[in-house]
Amino acid sequence: MIKRIACAFLLSAIASMALANEALANEAPANEAHANEALANKRVKVAAAAESSRAAPATPKLAGVLVQNPIWKSYRSRFVTESGRVVDTANAQISHSEGQGYGMLLAVAAMDRDAFERIWGWTRANLMVRDDQLVAWAWDPATRPGVADLNNATDGDILIAWALVEAAEAWKDRAYAVAARRIAVEVGRKLIILQSDEGMLLLPGASGYSAEDRSDGPVVNLSYYIFPAFQRLHLAAPEFNWAKLSQDGLKLINRARFGKVALPVEWTALRGGQPAAAAGFPAVFGYNAIRIPLYMIWAGIVGENVIGTLVGASGVDGSRPLSVVDVASGRPVEALSSPGYSAISALHDCAVKGKRWPAALNDIAPSEHYYPATLQLLALSASISRWNSCGRG
Amino acid sequence: MWTRMKTLAMSVVTIAIALAPGVVFCQVTVVPPVKGNSQSTGAVDESALRYYAAKKDAARVELETRRLKRLNPRWQPPVDLGSAEIGGGDEDDLWDLFAADRLDELQATIAARVAAQPSWKPSRDLIEKIKQKRLRDEILKGSKAGNWYEVSSLSGRLNARASAQDTELMWTVAEGFARIGQFDQAGVLLASALEGATDGPVRTAVVLRAFALLPFVDAEKLLSQAQRGPNGESEFDAIADDISRARISAILRDEGGVSLTPEQHARLGVLGRESKEPTYSELLGWYALKTETTDEAFDWFKLSISRGGEAMVAHGLAQSLLRRGQLVEAEDVAHAWRNPIANNSIFFTDILETKLTLEIPPEIPGERLTRYAKETVETQSGEGAQGLAWYSYNSCQYDKALEWFERAVAWHPKETTVYGYALALRRLKRAREFIEVVNRYDGVFPMVVGLVMEEQQTKPGPCDAAQSQQPIRATGKNANQREVRAPEPTRSIPRPEFGNAVSASGNPFVRPGFPASVNPANPLRFSSRGAGVAAGSVAGAGWRAERPNVKWPLVARRVRGAIAMPYERFGYSLLPGIDGVDQPETRTVAEIPAALGTLWSRNSKINAANVTTNTPANSANLTSPRLMRSYNTPAR
């Protein structure tokens, strides 16, 4: 086959290259010994630069992406009390570590320090009752006592630690950095299984999910792998390999896909090296799992080779309506019709197609509950922080 | 020197071009001149050569071939040289734009031309090259933004042959794979980049990158691609020290398959002592801590600090001091370096906390306490606050104790902290608040609830004995240094047994007011932050309204994970809790070992395998209530 090679090379291109080389030549002195030292210095600088960037990849800033945005005021007035309690309005008005963590994150996004202090203050005062650095996950305002369960829910701890990392940076506050580290180290120490058939694993809670606690254990919850948080937690606890946890989690998500439409379930059992739906939990891709594509896209994991068919199977790419899916049969069980969920699709479209953020999603729908509203604000924050070009509709 | 030669060669070419009118060059690989990028790769640019070959200008081909070989001794002329053809001359201006990196303009021009001349099409080559260049730009952009998943994903679309010579592109993609943990892929790319690089410093840079990005054993493999000198010396001998540094770093990261021979250790020792930088000595310090040679660690960290080592080095020094039993010095170092990293503040807080919470606390100088108190408040440390609270309490200073316990319970409401808080309230006869606290933690903290039960009257402590047997010492500046000694042994008079006494009514609760309805929320907040954070400052504006006061239950419901309440053995039961859980846990949170395979379990003396699992029968039906989201649209 004859290759047609037609090319052009502008005079100016050569000239500028020569200029660049000239600059380089001026850097390196004529004397050979000095040249070697200059080279050595350059090497040290290269090595040092590489060394210092060994830490996890940079992630776009979260702080300030919702500043002055009325959607935050709307969210706050609907779901956050003066005392800093984030209310799950569809779930008997309870609070949980997940909601507190989301609230703290969004407060940093909005640069609302008052709100951050209140939400964090409530969280410590009411949920940090365990005899370690983890956060009790559930709290009911109408019972005695308020705490419903001393177990932690790992996504809550991760969200809270991440939010504290962001807050420490945004407001240059050491107290937040100290608190972030204590929690992040505890998560790393107690909840990460360092080696398994599936690599590093994240346990969903300190009790009840390990191989010792369950006959089908260890059991993981794939929606607790908060990929954008993993990209930041090295700031609080660099001794843990969050990047590897991320990578192993992605591999697991791709491996643990079941049923007719190849979706992951939420609670996944890993006994015997073969992922399966965990006993005692509904084998659905639903409310919790819809966060998997949200977190992946937020972390910039959009390439086909990583997010692959998940966006199609889940409907996040618009190919099918968002719903709770019975994974074995592939049939939708319940529509995820609240408008907030569609923000995840909007995020996908923004990230993959550069589509503008829909104007309708700049406000919270009137009867929207805490959870879809939260996902909406998170998706909006992700789109602004990483793909500002999608603009706001 | 190589730069001089290259500049010279480029000048020659520049002159040649200046003399030849309307000249066009081929571009096989694109290495855009990047300002100030001292890592420019110097990929072999065959553009001119291909052009001359296409023009069948044998003389110039010969000249150019010789020039390129001089610059790049390992380079061989491409096999397909003769088959090159110049495309239609009507694309010259398009290629000019391409070479100038003006891709948007180029694509606009193409679109305009297609619109104007429907029969005209741009060459496949041009289109492909534009695609590759765009891709390259995207990859580099993604790399700068840290979008490693995107970088690795995009790389799949690269033209392998074209990009193989592009060192900068190759190592960027390699970094993408490495950052997401795909080290095999990254290793292959770096090996390839090394293979294709002819320039010495560039090759060295590739190898250094490999050691920075890959596990040590993978990076080490690249060394076999070293060019050898006449006496067998490797071109990478010059960076042997950098490699040693990478080796010890890998050991500190617990990478498998890496070890340090005594000779290598000794060599690093020499570097550590001689280097003006703190890095080598710091690494040696951590290595010494890891191998538990504490005195060596101390020496190395001290040296590193003197060479400019900073917060993390100080942390190592503090660790070494602690292991040598030098608590005060460890504290001083940690305190001095508390600002840059959280590690030092936490270390500082935790060192003294163990002493502060002793039942008979030691004498601690005032300045040390003041400093500790300041740091506690600045970092809002619950650990520090409860340490100071207990210290105050056990030094019989109950007002101070209460203040510190209030903060501790706001920041760190663990069982012993809340217990201390309740004790302090009781001591100060704040009965209403005392009983409120006890009610609040009913169902969670048996120790706290026990305070209202008959059989758990606390035995007299050192403060009571001190108060009853010795006159109170001077107050004033020595007040917080008052010595507290355990009571002198008295005549041995038996006390009545507390045992299983039950009051006549059968009610084990000795205090009125339990159980009582209380708001389960802990209202304590303390913040040193400035204005705008006062709770309740703006009533209602911008916040969700809490439901008005409701009556809360008088009977506790079972908290999953909590152990039995002390009144249960008197037949009092609790309401079932979440998911219907109705049995108490038999072990406290602290007693439950972390899962096997976690770092905690590796380090802990409590091995899960040795603890008989005695979990309640219904824990097998562990359904998370979080599944029970019901998002039925409310009827409106």
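Okay, so let's start with β2 and β3 in chain A. Strand β2, residues 136-139 of chain A, pairs with β3(A) in the antiparallel sense, and three bridges hold that pairing. Keep in mind as I go that this is a predicted model.

Who faces whom along that pair? Trp139(A) sits opposite Val147(A) in β3(A), and Ala138(A) is opposite Asp149(A), also in β3(A).

Now, what joins β1(A) to β2(A)? Two bridges do, and the two strands run antiparallel. Here Trp139(A) of β2(A) turns up again, this time standing opposite Ser95(A). So if you're clicking along on the structure, Trp139(A) is a handy place to stop: Val147(A) is across from it in β3(A), and Ser95(A) is across from it as well.

Put those pieces together and you get an open sheet of three strands, ordered β1-β2-β3 in chain A, with antiparallel pairing. Why is one side of β1 and of β3 left without a neighbour in the sheet? Because β1 (95-96) and β3 (147-152) of chain A stand at the edges, and each has a single partner strand.

Okay, further along chain A, next sheet. This one is also open, with three strands in the order β6-β7-β8 (chain A) and antiparallel pairing. Its edge strands are β6 (219-221) and β8 (276-277) of chain A, each pairing on one side only.

Let me zoom in on β6(A). Three bridges connect β6(A) with strand β7, residues 267-269 of chain A, and the two run antiparallel. If you want one residue pair to look up there, take Val219(A): its bridge partner in β7(A) is Ala269(A).

Conventions: Residues are numbered from 1 along each chain as its sequence is written. Chains are lettered from A and ligands numbered from 1 in the order in which they are written. This is a predicted model: local features need pLDDT of at least 70, side-chain atom pairs count only at pLDDT 80 or more; totals for chains, interfaces and linings use all residues. Side-chain values use heavy atoms; hydrogens and water are left out. Two strands pair if DSSP finds at least two bridges between them. Helices (H or I, at least four residues) and strands (E, at least two) are DSSP runs, numbered from the N terminus.
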